[in-house]
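Dear colleague,

I am passing a structure on to you, and I would be glad if you could keep it open beside this message while you read. The notes that follow go through what was found in it, place by place.

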Amino acid sequence: MSDDTGEGEPERGTGGAPEAADAGNAALEAVTERVLERISPDDDERATMRAVAEELIARATAAATDRCPDADVVQVGSTARDTWIGGDRDIDVFVRFPPALDRETLETYGLDVGHETLPEGHEEYAEHPYVTGEYDGFDVDVVPCFRLEEATDIRSAVDRTPFHNRYLEARLDDETADDVRLAKQFLKAIGAYGSNLRTEGFSGYLTELLVVEYGGFRPLLEAVADWHPPVELDPEDHGRARETSSRNGADATFPFDDPLVVIDPTDPERNVAAVCSAANVARFQHYARELLESPRIDLFEPDETVPLETDELAAHIDRRETTPVAIRFDAPNLVDDQLYPQLQKSLDGVVSGLERREFDVLRAEAFADASAVLLVELTVAERPAVERHEGPPVHVRSHAEGFHDAYADDEAVYGPFIDGDRYVVERDREFTDAVSFLESDRLLDVGLGAHVETALEGEYEVLVGPDVSALLEEFGAGLRTYFEPTP
């Protein structure tokens, strides 16, 4: 029988699933209504934002058209689409120049326009330079880009943004905008919002696409709760076009290997979710299930992490019977999106270097502020003076004979002898404790980020066990998160 008839459902009031579902819907709706009251910008805040945005656009337009009559200016981002959360006072002004302009001139004009629009602003660099600063209580970016017909013609990443704005404006209404606000606030609260390489979470654009794709905040939660990564979403069916192309010899598959793939509606060669880590996708799933199961306000409220105290750290170390070891050095002078990939690469290198030497790592983390820290927690911090070194199987004649001859007259090793089908020697271990390795020049051979390697070539210190408490003043909150982990 067709589901459209409604027949065959349990009667309401008899304990059937629809009654429970209705109760869950009502509870979530009550919570989200209260959250929206708190996070939605009020009329005064909206009016202030619009007035400031209009003034900035007028100033930028005058400066841009003075240099290039065909230039124009658009406001983009969440404040342009009314998907912003009250208190998030960001205004993004994009100055669009005709594509006939060369890139060097665009950058020059863009900076000139930025400085005239924001006299107190300063220059920053993404794919090309732009001006950022504060104006009348709002954080403002003035970004130059090319005005193009198609997003696939982009010359730099920022050229896509006006296309994103146009796409979403056509699909958002007041109700959907509220759902976007809820999704953003929820992701902020669980620590999964932000596309920077420190957070590796959900960008504003991605969040808006997901809400539009699933038709609201609750449908998004229900879908996320049942995701089975890798998840691929293709809002504009670009994949169908690729399938057609494949019949003419082109590759029909999208070239992405990420836990979440959301094909950019304006550019089929781009995964909007490429920066999302597997951990943040899983975190979204965990808390989506929790919110659906037990709707409550606190899931929309970020926890303020209280820094760990010295006695608490000592208690954790004592109970865990592990050896925390921290490499501390001056943080390289880099923006987060450059610094954190280098820290992660360096941390991975340190972990690999330790494990190759049979010092077992339980967990590891990187922190950065004025100083930077590579923290590893070891379950095995010391090893015997001797280690096993296996050669090739004896039947691999040329390599086996080479191995045997290399050690045959070496009085410093035990062997070579045969164990199973291969030659083996037991030789002196280079480092019998992890700290000696970390304090040696061999640390620089593990595969570090370039700027981290330069910093370590200068000066660093290794803190072991209880001495890790020296990090608490700067990284107490991060250490609490490390030693008291939650989803």
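**Helix α7 and the residue after it**

Immediately following α7, Gly215 adopts a positive phi of about 85 degrees. Please keep in mind here, and throughout, that this is a predicted model. The helix itself, α7, runs over residues 204–214, and because eight of its 11 residues are buried, it is largely enclosed by the rest of the structure. The buried residues are Gly204, Tyr205, Leu206, Thr207, Glu208, Leu209, Leu210 and Val211.

One of these residues, Glu208, appears again in the surroundings of Thr83, which sits in the loop between α3 (78–81) and β2 (90–97). Apart from residues up to four places away in sequence, Thr83 touches Ser78, Leu172, Ala177, Val180, Arg181, Lys184 and Glu208. Is Thr83 buried or exposed? Its relative accessibility is 0%, so Thr83 counts as buried.

**The protein as a whole**

With those two places in mind, you may want to step back. The secondary structure of the protein consists of 16 helices and 15 strands, and the C-alpha trace spans about 80 × 70 × 65 Å along its principal axes. Of the 487 residues in the protein, 45% are buried, while the accessible surface amounts to about 24,800 Å², with 44% of it belonging to carbon and sulfur atoms. If you consider the contacts with a separation of 6 or more, 67% of them are accounted for by residues 24 or more positions apart.

**Places where distant parts of the chain meet**

Gln185, in helix α6 (residues 174–189), gives an example of such a contact, since its C-alpha atom is 6.0 Å from that of Phe300 although the two are 115 residues apart in sequence. Gln185 is buried, with a relative accessible area of 8%, and, when its neighbours within four places in sequence are left aside, Gln185 is in contact with Val35, Arg38, Ile39, Ile85, Phe300 and Pro302.

Gly415 offers another case to look at, this time in strand β13 (residues 414–419). Gly415 and Val425 are 10 residues apart along the chain, and their C-alpha atoms are separated by 4.9 Å. Beyond its neighbours within four places in sequence, Gly415 is in contact with Tyr407, Val424 and Val425, and with a relative accessible area of 35% it is partly exposed.

**Charges and salt bridges**

The protein carries 43 positive and 108 negative side chains, and the centres of the two sets lie 2 Å apart. How many salt bridges does a search of the whole structure find? That search finds 33 salt bridges, and three pairs and one network may be worth your time.

In the pair Arg59 and Glu55, the side chains meet in a salt bridge at 4.0 Å, N to O. Both residues lie in helix α2 (residues 43–67), four residues apart, which is about one turn of the helix. Arg59 is partly exposed, with a relative accessible area of 28%, and Glu55 is also partly exposed, at 36%.

The side chains of Glu116 and Arg67 likewise meet in a salt bridge, at 2.5 Å, N to O. Here Glu116 lies in helix α4 (residues 103–117) and Arg67 in helix α2, so the pair ties together parts that are 49 residues apart in sequence. Glu116 is partly exposed at 41% relative accessible area, and Arg67 is partly exposed at 24%.

In the pair Arg320 and Glu377, the closest N and O atoms of the salt bridge are 2.6 Å apart. Because Arg320 lies in helix α11 (residues 310–320) and Glu377 in strand β11 (residues 371–378), the pair ties together parts that are 57 residues apart in sequence. Arg320 counts as partly exposed, at 22% relative accessibility, whereas Glu377, at 1%, counts as buried.

The network consists of Arg46, Asp82, Asp178 and Arg181, which are linked by salt bridges; Arg181 is also among the residues that Thr83 touches.

**A negative patch on the surface**

Finally, Asp405, Asp409, Asp410, Glu411 and Asp428 gather on the surface in a patch of negative charge. Asp428 lies in strand β14 (residues 422–428), and at 54% relative accessibility Asp428 counts as exposed.

With best wishes

Methods:
Residues are numbered from 1 along each chain as its sequence is written. Side-chain values use heavy atoms; hydrogens and water are left out. Patches are made of residues with over 30% relative accessible area and no salt bridge: like charges are joined within 9 Å, nonpolar side chains (Val, Leu, Ile, Met, Phe, Trp, Tyr) within 5 Å. Accessible areas come from the Shrake-Rupley method with a 1.4 Å probe; for residues, only the protein chains shown count as cover. Lys and Arg count as positive and Asp and Glu as negative; His and the chain ends are not counted. The place of a charge is taken as NZ of Lys, CZ of Arg, CG of Asp or CD of Glu. Helices (H or I, at least four residues) and strands (E, at least two) are DSSP runs, numbered from the N terminus. Buried means under 20% relative accessible area, exposed over 50%, partly exposed in between (1.4 Å probe, protein chains only). Contact means heavy atoms within 4.5 Å.
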